[in-house]
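Reader: Please present the model, and then let us discuss its sheet and its nonpolar core.

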Amino acid sequence: MKILLAVDGSDYTNRMLSYLTTHKEWANAGHAFTVFHAVLPVPHRAAAFAGPDIVHGYYEDDAQVVLEPVRALLARSGIEARFEHRIGHPADEIASFAQKGQFDLVVMGSRGHGTLTNLVLGSVATKVLAACTVPVLLVR
């Protein structure tokens with residue numbers, strides 16, 4: 001099975017990864033894992049002021065901060081994975097990447113807000129569920 005692990009460096013991501021790495025049936029079943037991170041774009045005016053090199057460096061640094069601990073954790077657990085990152089709204093990027101990559105499952109952590117909070121604040125997980133045609137497993 002092709003599994004997309006959506007990560008953001010939060011405690012919710014850490015819980016999801018902990019679940020994955022402590023349930024060896026995930027690692028030993030011959031799944032193909034891709035770890036995916038998306039970061040919101042720098043606002044246009046800020047990007048124009050900073051310049052392309054600084055903005056590109058920001059995106060690369062953000063990806064490293066989020067992806068390197070995941071890379072280390074999965075390696076210690078014997079799970080091989082591909083690593084990808086994109087610039088854009090995380091929910092849109094996760095749903096689009098999952099669909100274009102023909103993944104069988106998206107796994108992501110979720111804070112677990114109630115319906116009212118999601119209505120007011122929104123949630124990446126809620127938006128992924130709404131936009132993604134690929135099954136999504138939320139770990140709270």
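Author: Axes are lines fitted to C-alpha atoms, for helices over the stretch in contact, and angles run from 0 to 180 degrees between N-to-C directions. Contact means heavy atoms within 4.5 Å, and helices (H or I, at least four residues) and strands (E, at least two) are DSSP runs numbered from the N terminus. This is a predicted model, in which local features need pLDDT of at least 70 and side-chain atom pairs pLDDT 80 or more, while totals for chains, interfaces and linings use all residues. Residues are numbered from 1 along each chain, and side-chain values use heavy atoms, without hydrogens and water.

Reader: At about what angle does H4 run to E3?

Author: Helix H4 lies across E1, E2 and E3. Its direction relative to E3 is about 155°.

Reader: Which strands stand at the edges of the sheet?

Author: Strands pair if DSSP finds at least two bridges between them. The open sheet has five strands in parallel pairing, ordered E3-E2-E1-E4-E5. One side of each edge strand lacks a neighbour because each has a single partner strand; these are E3 (81-87) and E5 (136-139).

Reader: Which element gives the most residues to the largest nonpolar core?

Author: A nonpolar core joins buried (under 20% relative accessible area, 1.4 Å probe, protein chains only) Ala, Val, Leu, Ile, Met, Phe, Trp, Tyr and Cys residues through side-chain atoms within 4.5 Å. The largest has 19 residues, with Leu-5, Val-35 and Leu-74 having the most contacts inside it. Elements giving two or more residues include E1 (2-6) and H1 (11-22). The most, five residues, come from H4.

Terms used. Buried means under 20% relative accessible area, exposed over 50%, partly exposed in between (1.4 Å probe, protein chains only).
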